[in-house]
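Student: I would like a close look at a single part of this structure. Please take one helix and show me how it fits with what surrounds it.

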Amino acid sequence: MPSFKYFIDWRVKVYSGFNLVYENDLNLKYKRVCIINESPSLGDFIAWMPFVEEFRKKHDCFVDFYTPNKELFESEYPEINFKNYGPSTTIYHATYRLGCFDVNDRNLSPKDHRLQNLQEVAAGILGLDYIEIKPKINLTNLKRKISDKYVCITTASTAGLKHWQNPDGWQQT
């Protein structure tokens, strides 16, 4: 059994001696596929969402997407079944996990996430060609505390990788 956890367009051949006894190409059409967002970071989820939809469309499959903050996207991506984390009795034809994983473990992602933007990470894991895609977000139920336009800057993040590593950056800004 292969240990790769990202999408690979598999062709399986089984031989008995020199005789081919079975051959199968991966076909997800009309199959149920599980995609799990492994990141609690809102920015990761926003960047990855359009690639979950592109995967669904490319393979014409039924996608269950496990993620937080699903209310931002459920109405914008009605063909995706958004799920809460937790046990499931559903049997999936394939499961893929979106995240920035250990850079030394090539079983979880085909490329080093430190060398890619977040959308490239999702495209690589889901076996899609990368092209920047603007996510569709439903903001109708969000209440703004500040009515004017504004920018937020923070010195902290969910991961050290996302920290601004320039030692004089904040002072110069």
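**A helix and its sheet**

Tutor: Start at one residue of this predicted model. His59 is buried, because its relative accessible area is 14%, and the cut-off for buried is under 20%. His59 belongs to helix α1, which covers residues 42-59. Which residues does His59 contact, leaving aside its neighbours within four places in sequence? They are Phe7, Leu28 and Lys29. Just after α1 comes Asp60, with a positive phi of about 50°.

Now take the whole helix. The 18 residues of α1 should span 26 Å at 1.5 Å a residue. The end C-alpha atoms of α1 are 26 Å apart, so the two values agree. Yet α1 has a bend of about 35° at Trp48. A proline, Pro50, follows within four residues.

Next, look at what α1 buries. Among its buried residues are Asp44, Phe45, Trp48, Pro50, Phe55 and Arg56. The buried residues of α1 pack against strands β3, β4, β5 and β6, and against helix α2 (118-125).

Those strands form a sheet. It is open, has four strands in the order β5-β4-β3-β6, and its pairing is parallel. The edge strands are β5 (81-83) and β6 (94-98), and each of them pairs on one side only. From one strand to the next, the twist averages 20°. Helix α1 packs on this sheet and touches β3, β4 (62-66), β5 and β6. The direction of α1 makes about 165° with that of β4.

What holds strands together in a sheet? Strands pair through backbone hydrogen bonds, either parallel or antiparallel.

Go through the pairs here. Strand β3 (residues 32-37) runs parallel to β6, and five bridges join them. One residue of that pairing is Val33, whose bridge partner in β6 is Ala94. Strands β3 and β4 also pair in the parallel sense, over five bridges. Here Ile35 stands opposite Phe65 in β4. Strands β4 and β5 are parallel too, with three bridges. In that pairing, Asp64 stands opposite Asn81 in β5.

Why is β4 largely enclosed by the rest of the structure? Four of its five residues are buried, so β4 is largely enclosed.

Finally, put the helix back between its strands. β3, α1 and β4 together make a β-α-β unit, and this unit is right-handed.

Conventions:
Residues numbered from 1 in each chain as written. Predicted model: local features only at pLDDT ≥ 70, side-chain atom pairs only at ≥ 80, totals over all residues. Heavy atoms only, no water. Helix = DSSP H or I, 4+ residues; strand = E, 2+ residues; numbered from the N terminus. Buried < 20%, exposed > 50% of the residue type's maximum accessible area, 1.4 Å probe, protein only. Contact = heavy atoms within 4.5 Å. Pairing = 2+ DSSP bridges. Axes fitted to C-alpha atoms, helices over the stretch in contact; angles between N-to-C directions. Expected span 1.5 Å × (residues − 1). Bend = angle between axes of the 7 residues up to and from the residue. Right-handed = clockwise from strand over helix to strand, strands pointing away.
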